[in-house]
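Reader: I am new to this structure and would like to learn how to read it, going from the whole protein to a pair of helices and then to a single residue. Could you show me the model and guide me through it?

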Amino acid sequence: MDGVVEGLWELADQHEKKGEIGKAVKCLEALCQCPVSFLPIVEVKTRLRIATILLKHSHNFNHAKSHLERSQLLLKTIPSCFELKCRAYSLLSQCYHLVGAISSQKQILNKGLELTATSGDGFAGRLWSCNFNSQLANALIIEGDYHGSISALEHGYVCATEMLYPELQMFFATSILHVHLMQWDDVSLVEGAVTRCSVIWESIELDKRQACSGLHFYSELLHIFYLLRICDYKNAGQHVDKLEAAMKDDLQKMQHIKELTKELDAINKGLSRSDLHYKERSALTTKQAQLEEQLGSFTGMSSTVKEPLEPAYFGNVRRTLGDKLELAPHPLDGEWLPKSAVYALIDLMVVIFNRPKGLFRECGKRIQSGLHTIQEELAKLGITDGVKEVDLQHSAIWMAGVYLMLLMQFLENKVAVDLTRSEFVEAQEALLQMKNWFIRFPTILQACESIIEMLRGQYAHSVGCYIEAAFHFIEAAKLTESKSMQAMCQVYAAVSYICLGDAESSGQAFDLIGPVYRVIDSYVGVREKTIALFAYGFLLMRQQNLQEARVRLANGLQITHTSLGNLQLVSQYLTVLGNLALALHDVGQAREILRSSLTLARKLYDLPTQIWVLSNMTALYQQLGEKGNEMENSEYYNKKADDLQKRLASAHASIHHLELIEKVKLEVHQLNELDIKRALAGPSMGANLDIPESVGLMTPAPGPSSSRLMDLDIGRRGKRKV
């Protein structure tokens, strides 16, 4: 009977390689259904193989689960077989994860940990303990148990340390950092996790580091999220450069693998010919061995090494050779995100760093690249036009969440760029896309609702609809639990009220700014501080408290320039300070400041700020009696104002304008309780990407458009020029 078993196993392998999954499963199930009894270990191996095929190539998870549960029962009767028992536990855990049975997953993982504690001495036992602790941490994260997740990861880290395995130590240290970034309840703990990652990475030998590309990408991205959160843009930029270089190297490597594979396929085809002479066959065989060795050196796999039994793919999407960024060795075989998602995330990081600098052409390229990649991946998951959240299979929810969140962040940055450049109609289109995606996937994209409301406020403010803008900013603050996001939206709403120009609105603005300003030093980083100082200084100026306003604004400008590097905010600070200098009759300083502001506004293609500066420069030339400069400046002002008015007219004429600014919250289809559980149980540790408030930074989009369209007339200070 051994021959029958081996034959059917081999036949199943051949069917699987040809993509004939149904036939492969039937071959293996024939053994399980055979009236002749086999040894329990034969049935166990067969059922594990069936489950592996089903998990890798289909959505038939319940079928896979039944085979795994039967295997587990059979293994209870066998006293040894440590490796098989661990594989069964690991596969069953992944199966429970895919069907959303988190409680059952935790139970089976704890059984696995008990097994490794009693029978898993030595290297292999500790490795399986690492596997179970890693999966347990992931399951606990889904339930929001950050403390329990970190505890499981720390146990894994201890195991890796006992094994003297720095690459595995790095995997757990990086995962712990990820959880701390998600929780962020103690800055010192986050700093300690960052430092530990850096120390361990430096301890790994250089050649081994090069083989850990998945860990490298994961660690660098988490470092960037951390540095952006604390507003250390200079050091974060260095990590972005490292990622860019690593991505280019990986793309070159993949191209080389593709060429080698193509050449190897041609040789294999030649060797299949029956009329080959001995010398030709010998030469081709030699060449075949050389190519396989070269491929093995690139992929880290030998042609003699068989695939592990664990499914090698997250989200049930089969990926080609080299399309997986592995974080840890077998039997962990894990990845944080698929390579396409990591590449899209790198594009997003480049956009985030280039947008405040006004490098919009590069931003546009990266946004289009990222959106194209994401649309392709969503299509693979079956997410095409008309597909909604309730239509998704549970196994697709985790990966769908990853790509949909990335999609929304690219669109958010597109809205920001378009508003900065006064491309209002294009901003409408991107914002409508965000709205429509949210309506189709309200549970997966729940965190995006406040972002969409904030962007509706930014759009309304940019086109001069200040009352509507304030409404949407206040709604955005209500929709988030993030103190940072709430503060930013309150300040944005305050600026919109200031722009209305009347005493009552100024009072409302003060009521919004005051609570933020009083706790201004309690926020992580300086993002909230710079925008609050800007708004408070602007309000003081409107209230004729010019000297106090100057002090606040100068302080805010210094922090913005040294810490954030946001050229639009710097330009707007300079414009207000130039206006103040004029009001204080310091015309020399006013001229210098306003020229600097105009230079930056031109670089950013920021029409409203340009017009604002030009109106102040006209007043400057009037004070100086420079008629020639005044006339030339007025002519340029009129040209820019006409351009802006045309753009505003196009925006107001759009059928989508009223839809975006109307003082109504988004309405979405309320899922039933079962649907909500299905959607929320899916995303695991990596799904959030821990990019708090849109990419870990709440980069104000489009920078504080706060001051946009705030045309100050020196001759009539305190009134809004229409």
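Author: What follows is a short tour of this predicted model, taken one feature at a time.

Reader: Which elements make up the protein, and how many helices and strands are there?

Author: One begins by counting the elements, and in this protein there are 31 helices and zero strands. Of its 722 residues, 58% count as buried, while the accessible surface comes to about 31100 Å², with 52% of that belonging to carbon and sulfur atoms.

Reader: How should I read the way H12 and H13 cross?

Author: One looks at the axes and the angle between them: those of helix H12 (residues 213-229) and helix H13 (residues 233-271) come within 9 Å and cross at roughly 160°. Angles over 145 degrees count as roughly antiparallel, and H12 and H13 are therefore roughly antiparallel to each other. Their crossing is left-handed. Among the residues that make the contact are Phe-217, Leu-221 and Ile-224 of H12, together with Val-240, Leu-243 and Met-247 of H13. By class, this contact of H12 with H13 has eleven nonpolar, four polar and two charged residues.

Reader: Turning to a single residue, is Ala-619 buried or exposed?

Author: Here one compares the relative accessible area with a cut-off: buried means under 20%, and Ala-619 is buried because its relative accessible area is 10%. Ala-619 lies in helix H27, which covers residues 607-624. Between Ala-619 and Glu-630, which are eleven residues apart in sequence, the C-alpha to C-alpha distance is 8.1 Å.

Conventions:
Residues numbered from 1 in each chain as written. Predicted model: local features only at pLDDT ≥ 70, side-chain atom pairs only at ≥ 80, totals over all residues. Heavy atoms only, no water. Helix = DSSP H or I, 4+ residues; strand = E, 2+ residues; numbered from the N terminus. Buried < 20%, exposed > 50% of the residue type's maximum accessible area, 1.4 Å probe, protein only. Areas by Shrake-Rupley, 256 points an atom, 1.4 Å probe, with all protein chains shown as cover. Axes fitted to C-alpha atoms, helices over the stretch in contact; angles between N-to-C directions. Parallel < 35°, antiparallel > 145°, perpendicular 65-115°, else oblique. Left-handed = near helix turned anticlockwise from the far one by under 90°. Contact = heavy atoms within 4.5 Å. Nonpolar A, V, L, I, M, F, W, Y, C, P; charged D, E, K, R; others polar.
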